[in-house]
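Visitor: I'd like to take a close look at the salt bridges in this protein, with enough background to place them. Could you walk me through that part?

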Amino acid sequence: MVAITDVVSLENHGEIAVITVDNPPVNALGVKVRKGLADGITAAIKDDSVKGIVILCKGRTFIAGADITEFGKPAKEPGLNIVLDTIENSTKPVIPAIHGTALGGGLEVSMACHFRVAVASAKFGQPEVKIGLIPGAAGTQRLPRIVGPEKALKMIAIGDPIDAKESLADGLIDEIIEGDLEAGAIEFAKKVLAEGRPLKKVSEMNEKVEAATGNAEIFDNFRKSIARKTRGFEAPEACVKAVEASVNMSFADGVKYERKLFEELMAGTQSAAQRYAFFAERQANKIPDIPKDTPQFEINKAAVLGAGTMGGGIAMNFINAGIPVTLLEVTQEALDRGIGIIRKNYEISAARGRFTQEQVEERMSMITGTLSMDDFSEADIVIEAVFENMDLKKEIFSKLDNICKKDAILASNTSFLNINEIADQTTRPESVLGLHFFSPANVMRLLEMVRGDKTSKSVIATSMSLAKRINKIAVLVGVCHGFVGNRMFSQRTRETDSLALEGAMPPQVDKVLYDFGFPMGPFVLRDLIGLDIGWSKETSTGSTIREILCEKDRRGQKTGAGYYTYKKGSREPIWDSEVEKLIIEFSEKKNINRREISDEEIIERSIYPIVNEGAKILEEGIATRASDIDVIWLNGYGWPIYLGGPMFWADLIGLDKILETLKKFNNQFGDEWKPAPLLEKLVKEGKQFKDF
Ligand code: 3HC
Ligand code: NAI
């Protein structure tokens with residue numbers, strides 16, 4: 001075996017040369033891989049004893065793309081397109097042997113080869129759009145030539161991978177290898193040689209793109225189909241334009257056009273934000289004082305208390321991951337209702353073709369309903385999701401302490417309450433932590449993991465692994481009222497309420513925040529969640545607009561009216577003069593002089609206090625890093641990924657500008673606007689959140 005670079009080697013197996021890439025963890029196409037591939041191919045072409053070439057990867061996957069850590073830095077030679085030209089122009093057949101995921105540049109390398117083989121579990125995709133880019137090494141020109149422009153549009157502008165079976169049907173691979181991949185790929189290469197198959201150069205396969213030349217409709221229809229989902233994003237439109245170029249330009253011109261679009265996106269802030277988010281999510285898994293080898297508990301059985309909005313969704317997460325759940329309620333009626341909702345959710349999924357009726361039954365058989373906590377004695381983890389009431393939670397944890405087995409993890413899904421106080425009801429506070437899911441709990445990927453003063457490292461390490469198993473993105477935070485997400489979110493709620501009373505009616509505020517990139521405005525959101533969460537008729541005093549609306553039975557979408565009104569069966573908010581009048585009267589009652597409020601002020605008033613609170617949270621050590629806060633906002637609060645998260649966005653806007661505005665509002669509106677000392681410090685030192 002000859003080492004071409006540190007990470008690429010070459011070995012001849014008779015007349016077949018095998019080039020092996022070994023660049024953990026995912027064989028990304030860093031400069032050493034690119035150079036190794038180019039030099040390895042060149043060496044194999046020069047070697048007269050070699051008749052065919054196989055590209056193989058060591059470790060868990062084939063090349064999973066360009067090395068994203070190199071992006072935004074000066075480019076190093078050789079560039080990927082040159083490597084691909086060397087491959088495609090080889091006079092000897094080049095065949096990638098694919099396992100794991102051939103993604104981005106990895107798929108582009110494969111498509112520059114003459115044939116492709118893969119194991120049955122392999123996946124293939126161009127996910128660049130998810131990091132705000134388009135494929136940058138001819139993927140937008142080669143993929144439509146293989147799978148046709150319509151399929152390529154989907155794969156490139158949406159970015160989801162396809163499996164080996166589909167790839168085989170689409171001609172993206174030539175054969176699925178059963179058994180040993182390397183041996184199978186070598187055999188395939190020998191077959192190609194024996195049959196004298198002509199080398200397929202994808203850049204010259206024009207049939208499928210020519211069939212669509214001048215057909216603008218394909219692209220316009222596709223644009224319409226993704227418009228809602230891709231609102232605000234720049235990359236998807238660039239993907240469509242690049243694929244459109246493949247049908248209307250020559251391959252060479254198409255590649256040049258693709259490069260131009262790729263470079264524009266690379267220089268922009270959206271891709272920078274999306275790349276940042278990619279690494280932030282992975283960074284959140286790394287907890288400085290909890291090493292990778294921290295002992296963990298086995299989790300085979302779960303128990304959930306409360307089959308309400310959250311408990312039902314939480315139970316589904318476990319069932320979906322194959323972990324059986326015992327679900328506890330106070331009455332048979334509540335239990336039946338909770339389990340009924342879970343069944344309904346699964347049946348909706350089955351009706352949509354996501355799984356079979358048999359799978360619905362299989363999942364339902366993994367839930368055991370109970371009215372007795374004694375049935376929790378075997379559970380490895382218990383998650384409490386009863387009403388948000390400290391006394392109730394304390395009583396429950398004290399009972400759990402008596403019933404649950406020694407190493408069981410005891411978790412609360414509380415939104416705001418103090419985990420330490422709850423933990424102190426038990427004789428084992430080291431086993432207690434907060435696992436704060438987001439609604440709907442079976443859909444939302446965020447899991448705020450709240451570390452109590454005494455929570456053990458093993459409990460955290462186990463919960464982190466468990467989060468991955470149930471497909472959640474976990475972020476570890478400390479104890480404070482509302483933890484990271486809700487504590488910051490409360491700031492926005494306070495300010496948007498004030499804005500409504502000072503002069504910016506809900507439709508204006510909602511439009512500004514929707515245009516900013518949130519999936520919906522704050523008042524529409526409140527109507528959706530329900531205005532009556534935490535409200536009761538008995539204690540309501542008409543002291544806020546929300547209370548007044550609830551008293552009028554305008555409790556949100558579910559009652560057909562909240563801040564807005566809703567026609568039966570519709571989710572379309574309609575502004576209502578009755579609410580407008582009510583808000584104006586309330587302003588008068590409070591002696592607030594209503595004024596015209598600019599859209600810019602709405603952004604400053606509703607987003608800057610989020611940033612300020614984030615700074616306090618960082619300073620108090622409630623969050624480990626600014627990027628953890630961003631991961632929470634991206635995955636739990638609908639912050640648009642192309643703006644990176646509130647802390648990333650603040651760095652982008654300029655901390656000095658934010659500080660200056662906070663000071664202005666501090667004078668104008670009072671203490672709630674006092675700038676966080678950390679913000680003052682960073683500005684003084686010319687630093688950013690990312691430096692903290
Ligand atoms: N570049 C650099 N590092 C990468 C990387 C990449 N393309 N892909 C993954 N990594 C790193 C991760 O940061 C992580 O590092 P860490 O262990 O230090 O946290 C490690 O590899 C493992 O990644 P995951 O935790 O995500 O591992 P999984 O097994 O869960 O997933 C994966 C593997 C499916 C390959 C996933 O990592 C992934 O989707 N990667 C990104 C793929 C991608 O976007 N490719 C396109 C890149 S852009 C491109 O190719 C441009 C081209 O057109 C020119
Ligand atoms: P919910 O009112 O929908 O459900 C609570 C359920 O707990 C009810 O079905 C009730 O019968 C049951 N219950 C009450 N006492 C019980 C007991 N002793 N034993 C067993 N079951 C009992 O409430 P929801 O919205 O599910 O909230 C539950 C918890 O999750 C709260 O702490 C809340 O703050 C938190 N949370 C709520 C979110 C939301 O959006 N609804 C989001 C994140 C957290």
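Visitor: To set the scene, how many helices and strands are there in the protein? And what do the salt bridges link?

Guide: Happy to. What you have is a predicted model, in which local features need pLDDT of at least 70, side-chain atom pairs count only at pLDDT 80 or more, and totals for chains, interfaces and linings use all residues. Residues are numbered from 1 along each chain as its sequence is written, chains are lettered from A and ligands numbered from 1 in written order, and side-chain values use heavy atoms, leaving out hydrogens and water.

The protein contains 28 helices and 18 strands (DSSP runs numbered from the N terminus: helices are H or I with at least four residues, strands are E with at least two). With a radius of gyration of 28 Å, close to the 26 Å that the globule rule gives for 692 residues, the protein is as compact as a globular protein of that length (the radius is taken over C-alpha atoms, and the rule is 2.2 Å times the number of residues to the power 0.38). The C-alpha trace spans about 90 × 60 × 55 Å along its principal axes. Of the 692 residues, 54% count as buried (under 20% relative accessible area; exposed is over 50% and partly exposed in between, with a 1.4 Å probe and protein chains only).

Now to the salt bridges. Side chains of opposite charge can pair when their charged atoms come close. Searching the whole structure turns up 50 salt bridges (a side-chain nitrogen of Lys or Arg within 4 Å of a carboxyl oxygen of Asp or Glu). Let's visit three of these pairs.

Start with K200 and D174, whose side chains form a salt bridge with an N to O distance of 3.1 Å. K200 sits in the loop between α7 (181-194) and α8 (207-210), while D174 sits in the loop between α6 (164-170) and β10 (175-177), so this pair ties together parts that are 26 residues apart in sequence. K200 is partly exposed, at 34% relative accessibility. D174 is partly exposed too, with a relative accessible area of 22%.

Next come E175 and K191, joined by a salt bridge of 2.7 Å, N to O. Here the link runs between distant parts of the chain, since E175 belongs to strand β10 and K191 to helix α7, 16 residues apart. E175 counts as partly exposed at 24% relative accessibility, and K191 is also partly exposed, at 32%.

The last stop is R494 with E672, where the closest N and O atoms of the salt bridge are 3.9 Å apart. R494 is part of helix α19 (residues 485-502), and E672 lies in the loop between α27 (655-669) and α28 (677-684), so the two side chains tie together parts that are 178 residues apart in sequence. Relative accessibility is 21% for R494, which counts as partly exposed. For E672 the relative accessible area is 45%, and that residue is partly exposed as well. This pair also belongs to a network: salt bridges with shared partners join R494, E495, E502, R595, E601, R605 and E672. If you have the model open, R494 in helix α19 is a handy place to begin, and from there you can pick out the other members, including R595 and E601.
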